[in-house]
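Here is a short tour of a protein model, written to be read with the viewer open. Please keep the sequence at hand as well, and follow along residue by residue.

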Amino acid sequence: MLAESYHSTVVDRIKANDFTYRAGRLTIHLAHEFGFCYGVDRAVDYAYQTRKRFPDRTVFLTGEIIHNPHVNEKLRAMGIRFLSDDTDALARLGPNDVVILPAFGVTVAMLEQLEGHGCTLIDTTCGSVLNVWKNVRRYAEGGYTSIIHGKVWHEETQATASQAVRYGGRYLVVLDHGETSQVCDYIRHGGDGVAFMKPFVLAASPGFDADRDLQHIGLANQTTMLMSESLEIAERLRAAMVDRYGEPQVAERFQAFDTICSATQDRQDAVVALLRDKPVDVMIVIGGYNSSNTCNLARICAASRPTFHIADPDCLVSAGAIRHRPVGSKAEVTTTDWLPARHALSIGLTSGASTPDNLVGATIAKLTELCEVRPEKEELR
Ligand code: SF4
């Protein structure tokens with residue numbers, strides 16, 4: 001069933017052909033790592049198995065299992081219900097209900113609630129997320145505040161933050177270099193703690209006291225952040241601790257473990273290699289607009305090429321119009337005259353860790369159509 005839903009023969013063939021597809025004037029270069037990661041593969045597999053194993057029981061997901069609308073729609077079509085669609089459903093759960101926890105995990109509060117209702121729980125939390133939790137727990141138990149490089153609204157970061165509190169620790173979530181600068185300034189110079197906390201009011205543990213809680217810090221990341229940015233943020237925070245406390249004290253006051261998952265890193269490395277090694281005119285990045293790792297792939301591409309982050313193949317409206325979400329924007333826009341009309345055209349393609357291969361295959365088919373090249377029908381099945 002999984003193969004039927006998400007597999008693509010054309011993608012397999014392109015992989016076997018050195019990740020390159022040629023038809024007429026069009027060349028498509030696929031990144032060497034893209035699409036479903038091990039954690040997503042497993043989570044989706046568990047969801048299908050759950051539906052099959054409990055045919056007579058109501059099966060719920062707490063929310064999106066992964067950040068891809070097509071996959072979530074397929075699960076809905078199989079009769080799996082989403083607690084996020086119905087706020088009262090959580091209160092009505094009972095021992096006969098089955099609840100699937102998503103790949104990015106759930107908060108401690110949510111887990112306790114579900115356990116309290118006596119539901120059967122199918123936990124698909126990815127091992128790489130559990131690894132972050134392990135580090136955060138260690139920080140909490142050692143008296144270190146977890147500084148989490150992540151998106152405070154993202155389910156994974158919320159779950160990770162709740163782990164810090166579970167073990168008696170504190171956390172502060174920083175999104176980017178701008179927020180890191182504010183934290184570094186406070187570490188170096190101190191100041192008005194109340195004013196400092198204003199932008200972090202939703203991003204810090206209850207009762208966070210900047211004077212007390214920034215004295216010993218440990219770095220963790222949401223697993224899907226931009227690797228290079230996470231490393232820079234860790235280095236900047238370390239430098240601030242050195243300035244404040246001096247180098248000899250830093251080993252005792254600062255800890256950092258890279259918790260970007262290997263799948264995220266592999267996809268980022270592969271797209272960097274593609275941009276470096278192939279003569280790409282345009283990059284297309286396929287994945288849900290709320291998919292953190294897909295957004296970061298688009299960010300890498302946009303630094304050097306015209307880049308279009310599309311949610312699915314239907315976004316390729318015509319050779320003259322494409323719907324996409326620009327990097328850093330929250331809304332989808334339509335751009336016209338996006339496809340260069342030059343004779344030979346080289347397009348780079350990658351997709352996020354929650355994007356199934358069939359969407360990549362369909363995107364390739366659409367591109368051949370828009371470029372008016374005619375591959376053998378057989379090739380694009
Ligand atoms: S992106 Fe990484 S952490 Fe998230 S599910 Fe995939 S492998 Fe696991």
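Let's start with aspartate 213, which is buried because its relative accessible area is 3% (buried means under 20% relative accessible area, exposed over 50%, and partly exposed in between, with a 1.4 Å probe and protein chains only). This is a predicted model, in which local features need pLDDT of at least 70, side-chain atom pairs count only at pLDDT 80 or more, and totals for chains, interfaces and linings use all residues. Residues are numbered from 1 along each chain as its sequence is written, and side-chain values use heavy atoms, with hydrogens and water left out.

**Aspartate 213 and its partners**

You will find aspartate 213 in helix 11, residues 210–213. Helices here are DSSP runs of H or I with at least four residues, strands are runs of E with at least two, and both are numbered from the N terminus. The side chain of aspartate 213 makes a polar contact of 3.3 Å with the side chain of arginine 170. A polar contact is a pair of N or O atoms within 3.5 Å; within protein, one must be able to donate a hydrogen and the other to accept it, and residues adjacent in sequence count only if both atoms are side-chain atoms. Beyond its neighbours within four places in sequence, aspartate 213 is in contact with Thr145, Arg170, Gly207 and Phe208, where contact means heavy atoms within 4.5 Å. Alanine 77 lies 136 residues away along the chain from aspartate 213, and their C-alpha atoms are separated by 47 Å.

**Two other buried residues**

Threonine 259 sits in the loop between strand 10 (254–256) and helix 14 (262–277), and it counts as buried because its relative accessibility is 2%. Its side chain reaches the backbone nitrogen of asparagine 221 at 2.7 Å. With neighbours within four places in sequence set aside, threonine 259 touches Val132, Asn135, Ala220, Asn221 and Thr223 as contacts.

Isoleucine 14 belongs to helix 2, residues 9–16, and is buried, with a relative accessible area of 2%. Again leaving out neighbours within four places in sequence, its contacts are Phe19, Thr20, Tyr21, Leu30 and Ile364.

**Around the ligand**

Which residues surround the ligand? They are Cys37, Tyr38, Gly39, Val40, Cys126, Ser128, Val129, Thr223, Thr224, Cys261, Ala263 and Thr264, each with a heavy atom within 4 Å of it. Helix 3 (38–53), helix 7 (127–142) and helix 14 are the elements that give two or more residues to this shell. Helix 3 gives the most, with three residues.

**Two aspartates with positive phi**

Most residues other than glycine have a negative phi. The table shows two aspartates that have a positive value.

| Residue | Phi | Loop | Relative accessible area |
|---|---|---|---|
| Aspartate 18 | about 55 degrees | between helix 2 and strand 1 (20–23) | 48%, partly exposed |
| Aspartate 337 | near 50 degrees | between strand 15 (333–336) and strand 16 (345–351) | 68%, exposed |
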